[in-house]
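Reader: I've got a sequence and a structure to look at together. Could you walk me through them, question by question?

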Amino acid sequence: MKSVLFSRFFILLPWMLIVIIMLDVDTRRPAPPLTPRPYFSPYAGGRGGARLPLRRGGPGRGREQLNESRPPPPPLPPEPPLPTIYAITPTYSRPVQKAELTRLANTFRQVAQLHWILVEDAAARSELMRTTRKVSVWPVGLVGGRRYERPLVENGKVVGWYTGWRADRPFAIDMAGFAVSLQVILSNPKAVFKRRGSQPGMQESDFLKQITTVEELEPKASNCTKVLVWHTRTEKVNLANEPKYHLDTVTIEV
């Protein structure tokens, strides 16, 4: 009995190997490339007409004619106008009042459709810098450890400086306290503002000495009696009371 089984097994073994080899060769054969099939549009020939094949994905002539026959899309409706925001700012007299209001006004300029109502605002605007012929000067608020510093003016001429630090400087003035006409800069091409080489607090004097004298200065702001410019800076924020871990129920970006 065993001999019969062994004889049949050895008879079938070659055929089994041939089948396995053929299946392995067939799975390794690369697949034939896909060829696009023609697409028959039901609208290209009209009702009852012959259907014209249109190639998928290609810029066929029939597709161009089909697109030309379609009406253009309707225009988008206009966007509704933005609603106006009314911001009311009551203020009070304090050393930093004008400085803070000026900074806030420059911020509000970036907001569309904003109407700002400010209590105690000035009735007139001033752009005295535009009338500078050569070099003009004016007071500066919140500088030098004082509420303001300014040039001292007599008979329309600068004769000294009201300052809290080194009044003996040739031009005891803050960086924000003067303007220079462009024509003066062009006529003095060798004049430079030194980033290095000047003593502390002497950069303004070292620069102005190259282009003008104290007698030539043009006092602005009602003979330097009004503060229209402030020397403000951003201090490091105090977050001593901020919890170490977030305790609020919402997350707010600051």
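Reader: How much area does the chain expose, and what share of it do carbon and sulfur atoms supply?
Author: This is a predicted model, where local features need pLDDT of at least 70 and side-chain atom pairs count only at pLDDT 80 or more, while totals for chains, interfaces and linings use all residues. Residues are numbered from 1 along each chain as its sequence is written, and side-chain values use heavy atoms, with hydrogens and water left out. By the Shrake-Rupley method with a 1.4 Å probe (for residues, only the protein chains shown count as cover), the chain exposes about 21200 Å². The carbon and sulfur share of that is 58%.

Reader: What percentage of the residues count as buried?
Author: Buried means under 20% relative accessible area, exposed means over 50%, and partly exposed is in between (1.4 Å probe, protein chains only). The chain has 254 residues, and the part that counts as buried is 20%.

Reader: Which elements give two or more residues to the largest nonpolar core?
Author: A nonpolar core here is a set of buried Ala, Val, Leu, Ile, Met, Phe, Trp, Tyr and Cys residues joined through side-chain atoms within 4.5 Å. The largest one has 16 residues, with Val-137 and Trp-161 among those with the most contacts inside it. Elements are DSSP runs numbered from the N terminus: helices (H or I, at least four residues) and strands (E, at least two). Those giving two or more residues to this core are strand S5 (135–137), strand S8 (157–162) and H5.

Reader: Which element gives the largest share of the lining of the second largest pocket?
Author: On a 1 Å grid over the protein atoms alone, a pocket is an open set of points where a 1.4 Å probe fits, with protein on both sides within 12 Å along at least five of seven lines; lining residues have an atom within 4 Å of a point. This pocket is lined by 28 residues, with Asp-174 and His-231 among those nearest its centre. Helix H3 (97–108), strand S6 (140–143) and helix H5 (203–208) each give two or more residues to the lining. The largest share, three residues, comes from H3.

Reader: Leaving aside neighbours within four places in sequence, which residues is Lys-98 in contact with?
Author: Lys-98 is found in helix H3 and is partly exposed, with a relative accessible area of 48%. Its C-alpha atom is separated by 8.7 Å from that of Val-229, 131 residues apart along the chain. Taking contact as heavy atoms within 4.5 Å, the partners of Lys-98 beyond those neighbours are Val-227 and Trp-230.
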